Amino acid sequence: MIFGVGLVSGRDFSKTLLLVAVFANISYLIRDQFSTMGRKVQTFFEVIEMSTPESSKITSVYPKSRQDVIRWDGWGYKDSRFVFKDGTFTFVGDRYPLTGNLDNFRDWVLDMFKIHPTQASKSAVLPKEFPEPLKNQAFLNALAEEKIDFSEDGMDRMMRCHGQTLQDIQNLRQHNFKRLPDVVVWPTSHEQVVKIVDFAGKHDVVLLPVGGNTSVSLASTTPEIFDRSIAVLDMTQMNRMLWVSKENMTACFEVGVIGQDIEKELRKYGFTLGHEPDSHEFSSLGGWIATRASGMKKNRYGNIEDIVKRIKMVTAKGVLEKQFTAPRCSIGPDFDHVMFGSEGTLGVITEAVVQIRRIPDVRHYESLVFSDFETGVRCLREVADKRLQPASIRLIDNIQFRCSVLLDPAGVWFAGMKEQLKKFYLSFMCGFDMDTIAAATVMFEGDADFVANHEKQFYSIVKKYGAIRGGEKNGKKGYQLTFVVAYIRDIAWDMNIVGESFETAVAWDKCLTLYTNVKACMERELAKRGIQYYAISGRVTQSYDTGCSVYFYLLFKHMDNPELSLKMFMEIEEAARDEILACGGTLSHHHGVGKLRSKWYPAVVSQVGAGLYRALKKELDPNNIFAAGNILGENNQVSKL
């Protein structure tokens, strides 16, 4: 208070009350004006309470010319990749803990897929020409008048026409995309996005918001629309942290910010977001919201819908946003959950308030070896039942265990033990079969006392299932290698090996049945097509009280016919997805629906649910500006309802 009792005399008391009343009225007026203007911070008092840094631009992982840093024909950084040269595999680049000749991995690949050691990998050729854009000059003129940056350059357009499915990569390498966006637009603020959406509505332009283009559901793949100009909104240059509140443990970001950049920025203030999907290095906050993403450390920090507390989205009808930030409310349906999982079909997400946590004092890694995958699943089930999940725990089956061992030139697992001694110890001392053992990587986070107590209770359960502790070094390496797995797909494709993954979520009582049945389904489908050389594996990546997420990986050797191989894979994946649904699994755990899984969407949400989505689409986007074709597919857009 600016008025202290000791400073106010009796005769001035009435004047003081008047001043207080005037001050209060002025403050309410200010607060009302701030609300009316749609400011990011709703009230005068919130502004005072915020510990707000200067809103500054973050240097994004993605420059405007992302082709300078990011690989055009596959996953990840240009300077990081697997190569097969001089008769062995190596990993190029120093961004990941993977160096040296991978001779053991080479031997496994050559034996598993019957590849001759002298076979050279193919390299893709960068396109020299690109299709001419379908211009909408009125739209371009409007952008230019508002000084909103855009490009019609062919390479800029190609870098944003796709995601990271096998179909996307094949189309890139074969220069076979049926449709490129016509223009790339780089908004720099919420206000610019409002103008862009308005221009698109006036001039009948399709808008596709994208972040890191890491989608594996064809969600960011340009739809095959040939009678309208298509503009991609590259949100990655819209990446400021607008404010941070240390008291409320919240921060507000523009949603083009990339995962690793969020962590770098929050670290300056002693905080972390804790959301760490496999695509963390390249995916954006907006992409996570749009797909209802999950991360490796969700046990401690939650899934994206738990972390995000408020969302701002520009629709064709205006801005959709709650007018407050609070831990919970009871005011009808929560419209933030309209935006979660919307996949660019309802509007452009521009800003989000997120919950942040203090950087943990302690981070411990560990690794566990189980006699078999089933035992590992039963152990994870009891850990979940006791609500003792570490920040991250991931269980891999025998194929993935062997592959992870072979990917380390130093032989990290049981380091220092010779190969025969390892086998003797596991087989004869522990009674493990080398052809069935499974492993888990574990990570604990928190303050020292909490972690010590957590570990004590956790390992008392693990011990009951006969697991061997493989050590911190193995656990840390296994966790870090998660970010390398995606690079394997590209070197495999170079060598005529199809490699891809897909995921689901399932209740605990159906987990092992689903795992077994889906693997058997893929084996049958491979046999139908005469495919002899293949590897099928699975892992449990996230666990909940009531169930878990299961990933499947499929690799098979194909003829030197990429088109036929891709067709085969798509047919096998479709059969596997049918089996997943038949076994009680979900259409997706965290990848979203996109175009790839849209055919199943009405069945899994019911026809009433599909109708509700159509009604929502029609209300927010009556002219189908956001015609991405995701969720219900390109043939279920508003114009055809």
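This dialogue goes through the salt bridges of a predicted model.

Q: What should be known about the model before reading it?
A: The model is predicted, with local features needing pLDDT of at least 70 and side-chain atom pairs counting only at pLDDT 80 or more, while totals for chains, interfaces and linings use all residues. Residues are numbered from 1 along each chain as its sequence is written, and side-chain values use heavy atoms, with hydrogens and water left out.

Q: What is a salt bridge, and how many does the count give?
A: A salt bridge is a side-chain nitrogen of Lys or Arg within 4 Å of a carboxyl oxygen of Asp or Glu. By this rule the count is 41 salt bridges.

Q: Which residue forms a salt bridge with Arg106?
A: Asp107 does, with 3.0 Å from N to O. Asp107 is partly exposed, because its relative accessibility is 39% (buried is under 20% relative accessible area, exposed over 50%, partly exposed in between, with a 1.4 Å probe and protein chains only).

Q: Is Glu382 buried or exposed?
A: Glu382 has 12% relative accessibility, so it counts as buried. Its salt-bridge partner is Lys386, and the closest N and O atoms are 3.3 Å apart. Lys386 counts as partly exposed, at 43% relative accessibility.

Q: Where does Arg529 find its salt-bridge partner?
A: The partner is Glu525, at 2.8 Å from N to O. Arg529 has a relative accessible area of 24% and is therefore partly exposed, whereas Glu525, at 11% relative accessibility, is buried.

Q: Which residues are joined into one network by salt bridges that share partners?
A: Arg71, Asp73, Arg489, Asp490 and Glu500 are joined in this way.
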